[in-house]
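Trainee: I would like to go through this model and ask what stands behind each label.
Mentor: Go ahead, and ask for the reasoning each time.

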Amino acid sequence: LNNLAVVAYFQGDYAGAADRFAEIIPIWRAQLGDTHPNVLTVMNNLGAARREAGDYEAAESVLREVLRLRREVLGDDHPDIGQSLNNLGIVLELRGATAEAERTYREAVESWRESLGDEHPTLAYGLVRLGRVLTETGRAAEAEAPLREALRIREATLEPDNDLLASARAWLGLALVDQGSPEEGVELLDAALPALQERWGPDDDLVRRARETLASRAEGAGT
């Protein structure tokens, strides 16, 4: 069942994946106990599948439970706590609870910083999520520091054409343009756009925003 659920998830059948993950949980709980790592992983996967299926309320409920159980078992100083916080933050952001999402992302960043260190690629993921929500809520100046840190980490750990590196460049570029530093922002967006378009296609939201921002700046400059 678990393998079928994973296959369904990666084929884009998120509702079907959620149904299968939900079937597995009581079986594994009976066999392994409520707080076994495998049970919590399947619950985390159920939350992700429900999120992707658009059922944010159900996703939030299960992800909060995963976070509670992981804290009971692992304490606060473990990378899985950061993962649970980050996943919960994504759902909160998607349903419009941006203030709580920001707080949750900040917790995830600090958890990962404590458990993984200042140079770990996973920390960069949390920093980008934090910078993104700050940019989206009109605080581009505040977003600059976490996005610069994320970019520094990814430049040190990823290949130059990696889409995650491009994503950090694009979000920092958007934040810089928003706060009135268009020259560096445009340079970063120019560098990011090819890898993002290749990975996600022309209709991706970040690709579209980067393209529109570049077009707007070019029009404003009379080019």
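Trainee: Leaving aside its neighbours within four places in sequence, which residues is S84 in contact with?
Mentor: This is a predicted model, and in it S84 is in contact with V66, L67 and R70. S84 itself is in helix α5.

Trainee: Why is S84 called buried?
Mentor: Buried means under 20% relative accessible area. S84 has 1% relative accessibility, so S84 counts as buried.

Trainee: What makes E60 buried or exposed?
Mentor: Its relative accessibility is 11%, and the cut-off for buried is under 20%, so E60 is buried. E60 is found in helix α4. Beyond the neighbours within four places in sequence, E60 is in contact with L88, V91, L92 and R95.

Trainee: How do you know whether V207 is buried or exposed?
Mentor: V207 has a relative accessible area of 0%, which is under the 20% limit, and therefore V207 is buried. The residue lies in helix α11, residues 205-220.

Trainee: What does V207 touch, apart from its neighbours within four places in sequence?
Mentor: V207 is in contact with L193, L196, Q197, G201 and P202. For one of these, L196, the C-alpha atom is 6.3 Å from that of V207, and the two residues are 11 apart along the chain.

Trainee: T213 is in α11 too. Why is T213 called buried?
Mentor: The relative accessible area of T213 is 16%, and the label needs a value under 20%, so T213 is buried. Leaving aside neighbours within four places in sequence, T213 is in contact with L174, V177 and L189. The C-alpha atoms of T213 and Q179 are separated by 13 Å, with their positions 34 residues apart along the chain.

Trainee: Why is E23 called partly exposed?
Mentor: Partly exposed lies between buried, under 20%, and exposed, over 50%. E23 has 44% relative accessibility, so E23 counts as partly exposed. E23 is in helix α2. Its C-alpha atom is 19 Å from that of R64, 41 residues away along the chain.

Trainee: How do you know that the span of α3 is close to the expected one?
Mentor: Helix α3, residues 37-52, has 16 residues, and the expected span at 1.5 Å a residue is 22 Å. From first C-alpha to last, α3 reaches 23 Å, close to that value. Just after α3, G54 takes a positive phi of about 90°.

Trainee: Which residues of α3 are buried, and what do they pack against?
Mentor: In α3, V39, L40, V42, M43, N44, L46, G47, A48, A49 and R51 are buried. The buried residues of α3 pack against α1 (2-10), α2 (14-32), α4 (56-74) and α5 (79-94).

Trainee: Why is the pair of Y9 and F10 called edge-to-face?
Mentor: A search of the whole structure finds 2 aromatic pairs. In the pair of Y9 and F10, the ring centres are 5.5 Å apart and the planes are at 80°. Centres within 6.5 Å make a pair and planes over 60 degrees apart make it edge-to-face, so both labels apply to Y9 and F10.

Trainee: What makes Y9 and Y14 an edge-to-face pair?
Mentor: The distance is 5.2 Å centre to centre and the angle is 70° between the planes. With the same limits of 6.5 Å and 60 degrees, Y9 and Y14 form an edge-to-face pair. Y9, F10 and Y14 form one aromatic cluster.

Trainee: How are Y9, F10 and Y14 labelled for accessibility, and why?
Mentor: Y9 has 18% relative accessibility, under 20%, so Y9 counts as buried. F10 has a relative accessible area of 69%, over 50%, so F10 is exposed. Y14, at 26%, falls in between, so Y14 counts as partly exposed.

Trainee: What is the volume of the largest pocket, and which residues are closest to its centre?
Mentor: The volume is about 980 Å³. Of the 25 lining residues, the closest to the centre are I90, Y125, R129, R132 and W200.

Trainee: Which element gives the largest share of that lining, and how does the lining divide by class?
Mentor: The largest share, 6 residues, comes from α5. By class, the lining has 11 nonpolar, 4 polar and 10 charged residues.

Note on methods: Residues are numbered from 1 along each chain as its sequence is written. This is a predicted model: local features need pLDDT of at least 70, side-chain atom pairs count only at pLDDT 80 or more; totals for chains, interfaces and linings use all residues. Side-chain values use heavy atoms; hydrogens and water are left out. Helices (H or I, at least four residues) and strands (E, at least two) are DSSP runs, numbered from the N terminus. Buried means under 20% relative accessible area, exposed over 50%, partly exposed in between (1.4 Å probe, protein chains only). Contact means heavy atoms within 4.5 Å. The expected span of a helix is 1.5 Å times one less than its number of residues. On a 1 Å grid over the protein atoms alone, a cavity is a set of points where a 1.4 Å probe fits but cannot get out, and a pocket is an open set with protein on both sides within 12 Å along at least five of seven lines; lining residues have an atom within 4 Å of a point. Grid points are joined across faces, edges and corners, and a volume is the space filled by probe spheres set on the points. Ala, Val, Leu, Ile, Met, Phe, Trp, Tyr, Cys and Pro count as nonpolar, Asp, Glu, Lys and Arg as charged, and the others, Gly among them, as polar. Rings of Phe, Tyr and Trp (its six-membered ring) pair if their centres lie within 6.5 Å; planes under 30 degrees apart count as stacked, over 60 as edge-to-face and the rest as tilted.
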